[in-house]
Amino acid sequence: MIELQNVSRRYGSVQALKNVSLKVEKGSVLGLLGQNGAGKTTLLNILTGYLAPTEGRAMIGGFDALMEPAQARRHLGYLPEQPPLYDEMTVREYLRFAAELRGVEKHAIPAHVEEVMELTGLAEMRSRMIGHLSKGYRQRAGMAQALCGDPEVLVLDEPTVGLDPKQITEIRALIRKLSYGRTIVFSSHILSEVQQLCSHVVILDRGEVKLDAPMANVHDPDEVTLLCTLGAPESRILRHLRELEGVKHVSVQPAAQADQTTALLAFRKQQEPERRLFALASSMNIPILHLSRSEDSLEQIFLKVIAN
Ligand SMILES: Nc1ncnc2c1ncn2[C@@H]1O[C@H](COP(=O)(O)OP(=O)(O)O)[C@@H](O)[C@H]1O
Ligand SMILES: [Mg+2]
């Protein structure tokens, strides 16, 4: 359905994307997860044909996003980082304009716009000027313009950024509703959001894809992860952590103080990981300052991949 083939992008000396390839299957909800500056917006702008890659290409429904933008975009709605809103228009005027741009037939526009406003919870705001909408409703208006023409594919760049908790919940519910029967790609820097909404996750870090997996695979049922902080420097403890029985890998996280070590320890299941860590710490006379069993496996993976 959507594909990036070996896409790289530079801005002058900044390499924003490095050889990114990915496929989005029809009907899936792909969460593009990454910290600020990871390259999410660049990737989505290339995917939607709004930005040229330095190398590689983006294909949507078999059309090259850059060479055949009209065909490629016919099936695609995009909520960019800065949605193109016109403050001087009412919600209804704006959406009718957007529907016209998206090629909805003239006679069908009023009913179509009513439907889109209904779906996005904007119906009561139809006569309100865009410039007078709250941030949450502005975001809905951005979502609504992306939905004009009823595209099969929706691409949303950080749809919940800058919203308050209630608005975030509402936008997430809307994304969930929209995901039935559509293919959605959205970016986020919030792990739990991706976990809640997505069938696939791609982790982007400094312009590179570090993980690309169905959400089901992300929950590794054979692994248990401990997050711990020990009162000893890495140089003293790390080797011993790696040698603990049952440990699959250890990734050291930024620690608050130089004489402390924070690490994620992935154990094979049924290895009584806490008991082994306690035994090690007590034999070395090192205090355990924090210990938690992390069930949040996407978080573990996220921390692991961006730590390298
Ligand atoms: N127009 C631009 N000119 C120069 N550098 C840019 C431009 N747009 C983005 N960048 C840089 O490219 C990197 C990726 O940015 P971006 O794609 O916006 O990431 P994200 O959306 O994940 O925050 C960052 O280092 C950013 O500073
Ligand atoms: Mg961005």
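Is Arg206 buried, partly exposed or exposed, and what is its relative accessible area? This is a predicted model, in which local features need pLDDT of at least 70, side-chain atom pairs count only at pLDDT 80 or more, and totals for chains, interfaces and linings use all residues. Residues are numbered from 1 along each chain as its sequence is written, and side-chain values use heavy atoms, with hydrogens and water left out.

Select Arg206, which is partly exposed with a relative accessible area of 48%, where buried means under 20%, exposed over 50% and partly exposed in between (1.4 Å probe, protein chains only). Arg206 sits in the loop between strand 9 (200-205) and strand 10 (208-214), strands being DSSP runs (E) of at least two residues and helices runs (H or I) of at least four, numbered from the N terminus. Now add Asp205, whose side chain makes a polar contact with that of Arg206 at 2.8 Å; such a contact is a pair of N or O atoms within 3.5 Å, one able to donate a hydrogen and the other to accept it, and residues adjacent in sequence count only if both atoms are side-chain atoms. Then select Ala38, which is 168 residues from Arg206 along the chain, although their C-alpha atoms are separated by 4.6 Å.

Move next to helix 3 (residues 91-101) and pick out Phe97, which counts as partly exposed because its relative accessibility is 32%.

Stay with helix 3, since helix 3 gives the most to the lining of the largest pocket, with four residues.

Notes
Chains are lettered from A and ligands numbered from 1 in the order in which they are written.
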